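Got the model open in your viewer? Set it to cartoon, keep the side chains ready to switch on, and follow along from stop to stop.

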Amino acid sequence: MSKQAFKMHLHPGQSEEYKRRHDALWPELADLLRSTGIRNYSIFLDEETNTLFGVLDIDDTATLDELPKHPVMQRWWAYMSDIMAANPDNSPVSTPLKEVFYLP
């Protein structure tokens, strides 16, 4: 199991909409993430900077490379691209974060 962390950026004024969309997460997307081996997935918001911080556990990090190929992932990215920083393929602009401390 590996812990992964990353940051993304939400457009100003979109925090309520971001939460609303995640509260209604598509079952097929939840199933895809779980079948990829993702567990304990949380996203936090720094309201001062609109920075989103994601943290997740994954069985095998190589499976993360497969997610962009799934149609449901592509549809979710397109759905979210109007409220957050996105790449030309609609994937969120995401920056990996380096773990510097862990207390088990």
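Start by selecting F6 and P96: F6 stands opposite P96, which sits in β4. Bear in mind as you click around that this is a predicted model. The two strands you have just touched, β1 (residues 2-9) and β4, pair in the antiparallel sense over 2 bridges.

Now colour the whole sheet. Its 4 strands run in the order β2-β3-β1-β4, the sheet is open, and the pairing is antiparallel. At the edges you will find β2 (38-46) and β4 (95-96), each of which pairs on one side only.

Stay with the sheet and show K3 and D57 as sticks. These two form a salt bridge, with the closest N and O atoms 3.1 Å apart. K3 belongs to strand β1 and D57 to strand β3, so the pair ties together parts that lie 54 residues apart in sequence. Which of the two partners is buried? It's D57, at 11% relative accessibility, whereas K3 is partly exposed with a relative accessible area of 40%.

Next, switch on a surface and pick F44, F53 and L97. Together they make a nonpolar patch on that surface, with about 270 Å² of accessible area. Zoom in on F53, which lies in strand β3 (residues 51-58). F53 counts as partly exposed because its relative accessibility is 32%, and the range for that class runs between 20% and 50%.

Time for the helices. Select α3 (residues 71-80) and highlight its buried residues: V72, M73, W76, W77 and M80. Then turn the view until you look straight down the axis of α3: the buried residues fall within an arc of 140°, so they line one face of the helix. What covers them? Among the covering elements are α1 and α2 (27-35).

For a close-up of this region, pick H22 in helix α1 (residues 15-23). Setting aside neighbours within four places in sequence, H22 is in contact with I43, W76 and M80. Even so, H22 counts as partly exposed, at 25% relative accessibility. If you like, draw a distance from H22 to R34: their C-alpha atoms are separated by 15 Å, though the two residues are 12 apart along the chain.

Keep helix α1 on screen and add R21 and E17. Their side chains meet in a salt bridge, 2.7 Å from N to O. Both residues lie in α1, 4 residues apart, which is about one turn of the helix. R21 is buried, with a relative accessible area of 7%, while E17 is partly exposed at 22%.

Now hop over to R75 and E28, another pair whose side chains meet in a salt bridge, here at 3.2 Å from N to O. This one links distant parts of the chain: R75 is in helix α3 and E28 in helix α2, 47 residues apart. Both ends are partly exposed, R75 with a relative accessible area of 42% and E28 with 37%.

For the last stop, select E17, R20, R21 and D82 together. Salt bridges that share partners join these four into one network. How many salt bridges are there in the model? The count comes to 7, including the K3 and D57 pair from the sheet.

How values were computed:
Residues are numbered from 1 along each chain as its sequence is written. This is a predicted model: local features need pLDDT of at least 70, side-chain atom pairs count only at pLDDT 80 or more; totals for chains, interfaces and linings use all residues. Side-chain values use heavy atoms; hydrogens and water are left out. Two strands pair if DSSP finds at least two bridges between them. Patches are made of residues with over 30% relative accessible area and no salt bridge: like charges are joined within 9 Å, nonpolar side chains (Val, Leu, Ile, Met, Phe, Trp, Tyr) within 5 Å. Accessible areas come from the Shrake-Rupley method with a 1.4 Å probe; for residues, only the protein chains shown count as cover. Buried means under 20% relative accessible area, exposed over 50%, partly exposed in between (1.4 Å probe, protein chains only). Contact means heavy atoms within 4.5 Å. The arc is that of the directions from the helix axis to the C-beta atoms.
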